[in-house]
Amino acid sequence: QIDCLVGIESRGFIFASALAYKHNKGFIKVRKPGKLPNVKAKKSYGLEYGTDSLEMQAGQGQKVVILDDLIATGGSMEAAAHLCEEVGYDVVGLACLIDLTSLNNFNFKGMGVRSVIQFDD
């Protein structure tokens, strides 16, 4: 049983908000810096070409599933998962539309990322 779906900016918003609406669950945003009021925490992560950061507002112990469009190395998913726990959410699942399996070996506390499409190159 989950309470909310978390979408990672910005394409993750599309999937998380649609699923939240369909299943009558809450929707929570993980955003790039400077776009949310009352930010509780910020987490930086590495990219293939540099670094980026994500921010989030405080949670209240809700059980959440984090969603994004694609997972490659898992940097943004890992940052979002740690951020969720830091601000007060309980991460119970990770999912994405596309998994680039040759790059992805990410898991968070024993949970792998579930995906609809697996792409091997």
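How many nonpolar, polar and charged residues does the lining of the largest pocket have? I shall begin with that question, after a brief word on conventions.

What we have here is a predicted model, in which local features need pLDDT of at least 70 and side-chain atom pairs count only at pLDDT 80 or more, while totals for chains, interfaces and linings use all residues. Residues are numbered from 1 along each chain as its sequence is written, and side-chain values use heavy atoms, with hydrogens and water left out.

Let me turn to the pockets. The search runs on a 1 Å grid over the protein atoms alone: a pocket is an open set of points where a 1.4 Å probe fits, with protein on both sides within 12 Å along at least five of seven lines, and a lining residue has an atom within 4 Å of a point. Grid points are joined across faces, edges and corners, and the volume is the space filled by probe spheres set on the points.

The largest pocket has a volume of about 440 Å³. It is lined by 21 residues, and those closest to its centre are Tyr45, Leu47, Asp68, Leu70 and Ser76. Two or more lining residues come from each of β3 (39-47), β5 (63-71) and α2 (75-87). These labels follow DSSP runs numbered from the N terminus, with helices being H or I of at least four residues and strands being E of at least two. The biggest contribution is that of β5, with 4 residues.

To answer the opening question, the lining of the largest pocket has 8 nonpolar, 6 polar and 7 charged residues. In this scheme Ala, Val, Leu, Ile, Met, Phe, Trp, Tyr, Cys and Pro are nonpolar, Asp, Glu, Lys and Arg are charged, and the others, Gly among them, are polar.

The second largest pocket has a volume of about 200 Å³. Its lining holds 13 residues, of which Leu19, Leu67, Ala95, Cys96 and Val116 are the closest to the centre. Here the elements giving two or more residues are α1 (11-22), β5, β6 (90-100) and β9 (114-119). In this case β6 gives the most, with 4 residues. By class, the lining of the second largest pocket has 10 nonpolar, 1 polar and 2 charged residues. Strand β5 therefore appears in both lists of contributing elements.

Next, the cysteines. A disulfide is a covalent bond between the sulfur atoms of two cysteines. The criterion applied is a pair of cysteine sulfur atoms within 2.5 Å, and by this rule the count comes to 0 disulfides. Why does Cys4 form no such bond? Its closest cysteine sulfur, in Cys84, is 9.9 Å away, which is too far for a bond. Both residues are buried, a class that means under 20% relative accessible area, with exposed over 50% and partly exposed in between (1.4 Å probe, protein chains only): Cys4 has 9% relative accessibility and Cys84 has 0%.

I now come to individual residues, starting in helix α1 with Phe13. At 16% relative accessibility, Phe13 counts as buried. Leaving out residues up to four places away in sequence, Phe13 touches Gly7, Ile8, Ala18, Phe27, Lys29, Val30 and Arg31, where contact means heavy atoms within 4.5 Å. Its C-alpha atom is separated by 8.9 Å from that of Asp69, although the two residues are 56 apart along the chain.Gln62 gives another pair of distances to consider. This residue lies in the loop between β4 (50-57) and β5, and at 22% relative accessibility it counts as partly exposed. The C-alpha atoms of Gln62 and Tyr49 are separated by 34 Å, with their positions 13 residues apart along the chain counted as the separation. Apart from neighbours within four places in sequence, Gln62 is in contact with Asp3, Cys4, Gly88, Tyr89 and Asp90.

Which backbone features deserve a look? The peptide bond from Glu9 to Ser10 is cis, with omega near -10°, and Ser10 is found in the loop between β1 (4-8) and α1. Asn24, in the loop between α1 and β2 (26-30), has a positive phi of about 55° although it is not a glycine. Asn38, in the loop between β2 and β3, also has a positive phi, near 50°. Asn24 is exposed at 72% relative accessibility, and Asn38 is exposed at 68%.

Finally, the record. An unreviewed UniProt entry lists residues 2-99 as "domain: Phosphoribosyltransferase"; such annotations may be inferred rather than shown by experiment, and positions are given in the numbering used here, with feature names shortened. In the model, the end C-alpha atoms of that span lie 23 Å apart, and the span is 26% helix and 47% strand.
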